[in-house]
Amino acid sequence: MRTSIRTAGAVTLAAALFTTGCSGSTESADGESRTAPVVELGKVKLVSYSGCDDMLAGLRAAAAKQVGPWGFGGPQIMYARSDVAEAKAIGSGQDQASQEHSTTNTHEAGVDEPDMVKTDGNRVITVNRGVLRVIDAATKKITGTLKLVSPEQSWAPADLLVSGDRALVLFSGGGIIPYGAVAKQAPSPGPRYVLVDLSGEPKVIGSLTPNGSHVDARMVGSTVRIVVRSQPDIPFPDLGPKLSEQERTLKNRTIVNNAPITAWLPTFETADAKGVSVKKSVGCEQVSHPDDYTGTSLLTVHTLDLSQGLTDTAPISVAADGDTVYGTGTSLYVASNPRWWWWPRPIDDVVPMDDAPTDAPTGTPAESGSAQAPQVEPTQEDPSAPPVDPSADPTPTPEETPKQPPEETEIHRFDISAPGAPRYVASGKVSGRLINQYAMSEYQGHLRVATTTNSTVFRSTENSSSTVYVLKDDTLAKVGEIGGLGNGERIYSVRFIGPVGYVVTFKQVDPLYTLDLSDPANPRKTGELKITGYSAYLHPAGDGRLIGIGQEANTEGRTLGTQVSLFDVSDPANPRRLSQMFQKDSGSEAEWDPHAFLYWAKTGMAVLPLNTWDGTANTTGSALVLKIDDSAVTRTGTVVHPKPKPVRKGEPILFDPTVRRAVVIGDGLWTFSEQGVKVNAMDGLAERSWIPFG
């Protein structure tokens, strides 16, 4: 899954972690191990297994509830990571010798998120089509190139985290074979994380290959925490056509109840600079579980200090599913919407099926290069999925009536202020579902959480509405709440800025709600603005100003094209839209992945990728450059990358000219596509350099 849609989005109840080793016990000054207290709110708690026997019994019983005639056979989780976010202070924290530069647009300052481009002002590091490149910012020359996968695997989506002279390349897809090892090594069963030394010519100095699927990663300082989701390795044989579904289910349940502990324990492999690898597994003492779990997945968090290498990844696992990770410099929150399935796209298809434009491309944004939503919606429930009944007996019969899981969000908080594995603090639960990590925000000892209830993944219902909860961060007990937001609609974007919250809901019109959260026990709605369309991403733009990136729509809710709005929120009781830029029949990756949005506060410049689906030559595959001042959004111009070289009929196009990212270095605007990097003057957009990726 590409992290461009990636952040469509995401993520996972993964970081479920405990104190050193995730054992649920603490060590006293005299060295004796003592049981740590369990914080319980409602039915939510997170505790360790007492040993492998306890773990095996618990996982077997939980998994037996979920098995069906075709095994675990439910829909595959596809995370809609639209967890992208809050811009760091632009130009702050760089080395004195480096040029002033922008940084990755992330949720919280000091908490870096993986992306395809990183810069420190002196050099630019990018990973594209399996190749890592280092570009000198002064000479605009490529000074280092490192092929990480074979050309046949150049499709493999990858991102970067960089600390000093170390880069961690995160290949999120499975089946990756390192470059030059095609004849020696089988494809990895899961994602692959490669540590690269940048001090000279780039070279691989280590790798981590877990057996599972990549969820998300965060970095504080030089410490990276990677979340991986794994499923039990239980083969279900072909039982032939003669057995009924009930007979199949009973036989599969027997297989689950006889599966060994190794079927569940997550495995991984580490390798050093010489390629010498060691296979390992997470120990039973490193696995914990919430009170209610399915036994069909485990989430593992690997903790890596890039300055130390990848030999010790300090893995911790939790028997749970999850979809949203939010982190500050000292806290890691992992939220789970139990057993709800997500399409890899953060916003609804709001175009009525009988009113959808016939000339628009179909498929996801990754497939079509546009923001057009799928023309045919997948259903939320897979007909082959097993019955889900959290309250059922551990050995339910196949005839039991399925029950829909509760529409609740479980939240776990972990203290990450110390090096190594996070320390578990508390768990809690709220009604409804999150849209992404922006729906959570820690502020002055409290966690604010925005959710929507009675809404499907794709559509609002007549009974849907949204609520913002305020929880105490040390216990996650509810302190206050404000509900009734967007009745009949669902949340499309959330932004918390200090003691103020902004929530956008949408069905046919876009109410932008302003919330006063200064009194945690008494949060209140202070204002509301109704306009057509919606904002899928909200970005702060100084005192009393808010930028919205989304789609314009008609009064029936049909989307019309990209809009960028400037809101005046200086008067919480009277939010106003001061200005709007609208581009018909277009979409921007920044709507679902804020990593694609650049806002340079010093000059008011904003840059976002823009694609049209009507073939307009001067906008397809371009970067739209705007000037946003205190009162208006003004179009400055566009940056367009060269078209790919012509190929012979029947040959695939090797490079995509779509602009994906933009950064500021000094007085230059750098834009990135699969073809290369273009550098333009910020003032006037005169072209300075084209750096091709040959």
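This note walks through a predicted model of one protein, from its overall make-up to a few single residues.

1. **Overall make-up.** The protein has 694 residues, and 59% of them count as buried. Its secondary structure comes to 3 helices and 43 strands. The exposed surface is about 27100 Å². Carbon and sulfur atoms supply 50% of that area.

2. **The α1–α2 pair.** Start with two of the helices. Helix α1 covers residues 52–66, and helix α2 covers residues 245–257. Their axes come within 9 Å and cross at roughly 165°. Angles over 145 degrees count as roughly antiparallel, so α1 is roughly antiparallel to α2. The crossing of α1 and α2 is right-handed. In general, the angle and the distance between the axes are what describe two packed helices.

3. **What makes the helix contact.** Helix α1 contributes R60, A63 and A64. Helix α2 contributes R253, V256 and N257. By type, the residues of this contact divide into 3 nonpolar, 1 polar and 2 charged.

4. **G51, ahead of α1.** G51 sits in the loop between β3 (46–48) and α1. Its relative accessible area is 24%, so G51 is partly exposed. Look also at G283. It is 232 residues from G51 in sequence, yet the two C-alpha atoms are 9.5 Å apart in space.

5. **Q153, a loop residue.** Is Q153 buried or exposed? Q153 lies in the loop between β7 (141–147) and β8 (158–163). Its relative accessible area is 8%. The cut-off for buried is under 20%, so Q153 is buried. Leaving aside neighbours within four places in sequence, Q153 is in contact with G175, I176 and I177.

6. **A314, its backbone.** A314 deserves a look on screen. This residue is in the loop between β17 (298–305) and β18 (316–318). Most residues other than glycine have a negative phi. A314 is not a glycine, but its phi is positive, about 45°.

7. **A314, its surroundings.** Relative accessibility is 24% here, so A314 counts as partly exposed. A314 touches V301 and T303, not counting residues up to four places away in sequence. Both contacts can be checked against the strand β17, which spans 298–305. Which residue 106 places away along the chain has its C-alpha atom 7.0 Å from that of A314? That residue is G420.

8. **D585, another positive phi.** D585 also has a positive phi, about 50°, although it is not a glycine. D585 is found in the loop between β34 (576–584) and β35 (586–587). Its relative accessibility is 22%, so D585 counts as partly exposed.

9. **Q583, in strand β34.** Q583 is found in strand β34. At 15% relative accessibility, Q583 counts as buried, whereas D585 in the loop after β34 counts as partly exposed. Q583 and Q563 are 20 residues apart in sequence. Their C-alpha atoms are 6.4 Å apart in space.

10. **Where to look.** For the helices, view α1 and α2 along their contact, with R60, A63 and A64 on one side and R253, V256 and N257 on the other. For the backbone, compare the positive phi of A314 with that of D585. For pairs far apart in sequence, pick G51 with G283 and A314 with G420.

Methods. Residues are numbered from 1 along each chain as its sequence is written. This is a predicted model: local features need pLDDT of at least 70, side-chain atom pairs count only at pLDDT 80 or more; totals for chains, interfaces and linings use all residues. Side-chain values use heavy atoms; hydrogens and water are left out. Axes are lines fitted to C-alpha atoms, for helices over the stretch in contact, and angles run from 0 to 180 degrees between N-to-C directions. Helices (H or I, at least four residues) and strands (E, at least two) are DSSP runs, numbered from the N terminus. Angles under 35 degrees count as roughly parallel, over 145 as roughly antiparallel, 65 to 115 as roughly perpendicular and the rest as oblique. A crossing is left-handed if the near helix is turned anticlockwise from the far one by less than a right angle, and right-handed if clockwise. Contact means heavy atoms within 4.5 Å. Ala, Val, Leu, Ile, Met, Phe, Trp, Tyr, Cys and Pro count as nonpolar, Asp, Glu, Lys and Arg as charged, and the others, Gly among them, as polar. Buried means under 20% relative accessible area, exposed over 50%, partly exposed in between (1.4 Å probe, protein chains only). Accessible areas come from the Shrake-Rupley method with a 1.4 Å probe; for residues, only the protein chains shown count as cover.
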